[in-house]
Amino acid sequence: MKDFRTPLCKARGLGSARDGTEHFWMQRLTALANIPLFLFFITIVVTLIGKDYNYIRAIIGNPIIALIMALMVLSGIYHMKLGMQVIIEDYVHGKELRASMLALNIFFSFSMGLACIFALLKITLEG
């Protein structure tokens with residue numbers, strides 16, 4: 001199979017859309033970041049099983065734990081957005097439908113991230 005890219009394009013590592021390599025690496029970096037962040041989250045959740053409400057609020061209200069959870073939310077939501085973008089670009093046909101689905105993906109990701117960060121801030125600042 002012949003590669004039809006120009007030599008300059010091959011040297012820069014860019015695909016036809018000019019951003020495939022960056023998208024690929026951001027997907028991998030967020031996946032790598034998600035490993036320790038989600039392990040921390042799962043550890044916190046398992047540790048808090050059976051504890052009373054005030055104790056749970058105090059733990060999650062700790063600024064360091066809240067910061068790590070905020071990083072988990074941001075990394076996880078961005079990773080989800082990138083993954084859904086690839087699925088939409090690959091499997092949704094029709095320019096208008098694809099554009100609207102991509103816009104909805106951005107809106108959904110932004111609103112979910114905002115809601116999670118708002119909840120963490122509320123717990124942290126009230127505690």
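# Exercises on a five-helix model

Helix 5 covers residues 95-126, which is 32 residues, and its first and last C-alpha atoms lie 46 Å apart, close to the 46 Å expected at 1.5 Å a residue. Keep in mind that this is a predicted model.

## Exercise 1: The overall plan

Find how many helices and strands the protein has, and give their order.

Solution.
Step 1. Count the elements: there are 5 helices and 0 strands.
Step 2. Read along the sequence: the pattern is α-α-α-α-α.
Step 3. Look at burial: 24% of the 127 residues count as buried.
Step 4. Look at the contacts with a separation of 6 or more: residues 24 or more positions apart account for 68% of them.
Step 5. Turn to the surface: the accessible area comes to about 9300 Å², and 73% of it belongs to carbon and sulfur atoms.

## Exercise 2: The span of helix 4

Check whether the span of helix 4 agrees with 1.5 Å a residue, then inspect the start of the helix.

Solution.
Step 1. Take the length: helix 4 has 29 residues.
Step 2. Work out the expected span: it should be 42 Å.
Step 3. Compare: the end C-alpha atoms are 41 Å apart, so the span agrees.
Step 4. Go to the start of helix 4: a side-chain oxygen of Asn62 comes to within 2.9 Å of the backbone nitrogen of Ile64.

## Exercise 3: Buried or exposed?

Classify His23 and Val46 as buried or exposed.

Solution.
Step 1. Locate the residues: His23 is in helix 2 (residues 20-47), and Val46 is also placed in helix 2.
Step 2. Recall the cut-offs: buried means under 20% relative accessible area, and exposed means over 50%.
Step 3. Apply them to His23: its relative accessible area is 16%, so His23 is buried.
Step 4. Apply them to Val46: its relative accessibility is 51%, so Val46 counts as exposed.
Step 5. Find the contacts of His23: leaving aside neighbours within four places in sequence, they are Leu82, Gln85 and Val86.
Step 6. Place Val46 on the surface: with Phe38, Ile42 and Ile49 it forms a nonpolar patch, with about 380 Å² of accessible area together.

## Exercise 4: What covers helix 5?

Name residues of helix 5 that are buried, and helices that help to cover its buried residues.

Solution.
Step 1. List the buried residues: Asn105, Ser109, Gly113, Leu120 and Thr124.
Step 2. Look for the cover: it includes helix 3 (53-60) and helix 4 (63-91).
Step 3. Add a general rule: an α-helix has 3.6 residues a turn, so residues three or four places apart point the same way.

## Exercise 5: A salt-bridge network

Find the salt bridges of the structure and say which residues they join.

Solution.
Step 1. Start from the principle: side chains of opposite charge can pair when their charged atoms come close.
Step 2. Count the pairs: the whole structure holds 2 salt bridges.
Step 3. Take one pair: Glu126 and Arg57 meet at 2.6 Å, N to O. This pair links distant parts of the chain, with Glu126 in helix 5 and Arg57 in helix 3, 69 residues apart.
Step 4. Take the other pair: Lys122 and Glu126 meet at 3.9 Å, N to O. Both residues lie in helix 5, 4 residues apart, about one turn of the helix.
Step 5. Join the pairs: salt bridges with shared partners connect Arg57, Lys122 and Glu126 into one network.
Step 6. Check exposure: Arg57 is partly exposed at 24% relative accessibility, and Lys122 is partly exposed at 44%.

How values were computed: Residues numbered from 1 in each chain as written. Predicted model: local features only at pLDDT ≥ 70, side-chain atom pairs only at ≥ 80, totals over all residues. Heavy atoms only, no water. Helix = DSSP H or I, 4+ residues; strand = E, 2+ residues; numbered from the N terminus. Buried < 20%, exposed > 50% of the residue type's maximum accessible area, 1.4 Å probe, protein only. Contact = heavy atoms within 4.5 Å. Expected span 1.5 Å × (residues − 1). Areas by Shrake-Rupley, 256 points an atom, 1.4 Å probe, with all protein chains shown as cover. Polar contact = N/O pair within 3.5 Å; in protein donor to acceptor, adjacent residues only side chain to side chain. Patch = residues over 30% accessible without salt bridge, like charges linked within 9 Å, V, L, I, M, F, W, Y side chains within 5 Å. Salt bridge = Lys/Arg side-chain N within 4 Å of Asp/Glu carboxyl O.
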